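This report is meant to be read with the structure open beside it. Please have the sequence to hand as well.

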Amino acid sequence: MNTMIDAALAERTTTVHRAFGLRMASRIPLPELPLSGDGTAEEAADVTIGTADPGPLRAELEAAGSNFSLTRDGSRFLFLIPETAVFCIDEGRQVTVAPLPGADGEKVRVYLLGTCLGALLMIRGLLPLHGSAVVIGGRAYAFVGDSGAGKSTLAAAFVGMGHRLVSDDVVAVAAGADGGPVVMPAYPQQKLWRESLDGLGIHAAPYRTIYRETEKFAVPVAESFFAEPVPLAGVFELTRSDGEAMGVSPLPVLERLRVMLQHTYRHALIPRLGLADWHFRAASGIASRVSVGRLWRPLAGFTARELAETLIRYNQRGELRA
């Protein structure tokens, strides 16, 4: 297993991090996440992350006859990532990671911060959108779309223009004090392909690559990170046009709902979590309270900056108000 994980377990260290509005006390090193306070375990945590032997958890899944298992009362959810680990979430407060023999520690961490965290957010009532979000004029704008659509690249273009990143890859939306949608800040890192770095004029040399992605890099953005909850003002679906078209167009009501449902992070887990009704209510509630539009970009060429400028002009004219 990864030596960082081995060392932490041997020393029995616990570090408290903060991400998505949650204080997470973890025995597994999570260097991507900022510390909560001074990072000591004495600080109260919303979620604890620990480890366990995979044997009992695998036996529980085998008894259920599936790689995914939700207890009858919905309080315990387990899932298996082959050759990696069994993950268990208890009552939305305790995460247990049981690495399988020979598992790569970095891969375990990728799934912990990805699929497992996405499930945890849904269990706790936060809707995770698959996209990136930036803060413009004190409000958050999220960019969603299929893998490879250019979500992170567009967000990086906004950061390069002086705006702040609030989340990359997973945009966690919660209900604010007035009932309106609020984006909870993730952590100060972007995942960018080498092609995107080149287009943005950023040298790849200082950055490490993402697990098994030799051309995708983890880019820290601590100085450009917005670390407080921020009202969500708009969600835009990023798509490629058939030709050279670029622009922004508002979406009708039913299409707004489709965008939220389709671009929920790890949406295939929703029926397994027994959250289909919740998902529909949460998605429709957000779709009714924010601007929802479509961003068109050319099939070829690097146009992230031009698309960012186009969106700002449309927003200034008020053409995408909900």
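The text below covers confidence, one helix, one loop residue and the salt bridges.

**Confidence**

The model is predicted. Its average pLDDT is 89, and 92% of the residues score at least 70. Residues 7-11 are a weak stretch, where pLDDT stays under 50. For these residues the model has 5 contacts beyond four places in sequence. Predicted coordinates should not be read in detail where pLDDT is low.

**Helix H2**

Helix H2 runs over residues 54-64, and its buried residues are Pro-54, Leu-57 and Leu-61. Looking down the axis of H2, one finds these buried residues within an arc of 75°, so they line one face of the helix. On the face turned away from this buried side sit the exposed residues Pro-56, Glu-62 and Ala-63.

What covers the buried residues of H2? The cover includes four strands: E4 (68-70), E5 (76-81), E6 (85-90) and E7 (94-99).

Both ends of the helix have a local feature to look at. At the start of H2, Asp-53 places a side-chain oxygen within 2.7 Å of the backbone nitrogen of Gly-55. Just after H2 comes Gly-65, which has a positive phi of about 75°.

**A loop residue: Thr-84**

Strands E5 and E6 are joined by a loop, and Thr-84 lies in it. Is Thr-84 buried or exposed? Its relative accessible area is 1%, and buried means under 20%, so Thr-84 counts as buried. Apart from neighbours within four places in sequence, Thr-84 is in contact with Pro-99, Leu-100, Ala-103, Lys-107, Val-108 and Tyr-111.

**Salt bridges**

How many salt bridges does a search of the whole structure find? The search finds 12. Three of the pairs are set out here.

| Pair | N to O distance |
|---|---|
| Glu-215 and Arg-194 | 2.7 Å |
| Arg-294 and Glu-237 | 3.4 Å |
| Arg-258 and Glu-255 | 3.0 Å |

Glu-215 forms a salt bridge with Arg-194, and this pair links distant parts of the chain. Glu-215 belongs to strand E15 (residues 213-220) and Arg-194 to helix H5 (residues 194-200), 21 residues apart. Glu-215 is partly exposed, with a relative accessible area of 36%. Arg-194 is also partly exposed, at 33%.

The side chains of Arg-294 and Glu-237 also meet in a salt bridge. Arg-294 lies in strand E18 (residues 291-297) and Glu-237 in strand E16 (residues 230-240), so the pair ties together parts that are 57 residues apart in sequence. Both Arg-294 and Glu-237 are buried.

Arg-258 and Glu-255 form a salt bridge inside one element, helix H6 (residues 253-262). They are 3 residues apart there, which means that about one helical turn separates them. Arg-258 is partly exposed, with 23% relative accessibility. Glu-255 is partly exposed too, with 26%.

Salt bridges can also join up into a network. Which residues are linked in a network of salt bridges? They are Glu-32, Glu-106, Arg-109 and Arg-208.

Terms used: Residues numbered from 1 in each chain as written. Predicted model: local features only at pLDDT ≥ 70, side-chain atom pairs only at ≥ 80, totals over all residues. Heavy atoms only, no water. Buried < 20%, exposed > 50% of the residue type's maximum accessible area, 1.4 Å probe, protein only. Helix = DSSP H or I, 4+ residues; strand = E, 2+ residues; numbered from the N terminus. Arc of directions from axis to C-beta. Contact = heavy atoms within 4.5 Å. Polar contact = N/O pair within 3.5 Å; in protein donor to acceptor, adjacent residues only side chain to side chain. pLDDT = per-residue confidence, 0-100. Salt bridge = Lys/Arg side-chain N within 4 Å of Asp/Glu carboxyl O.
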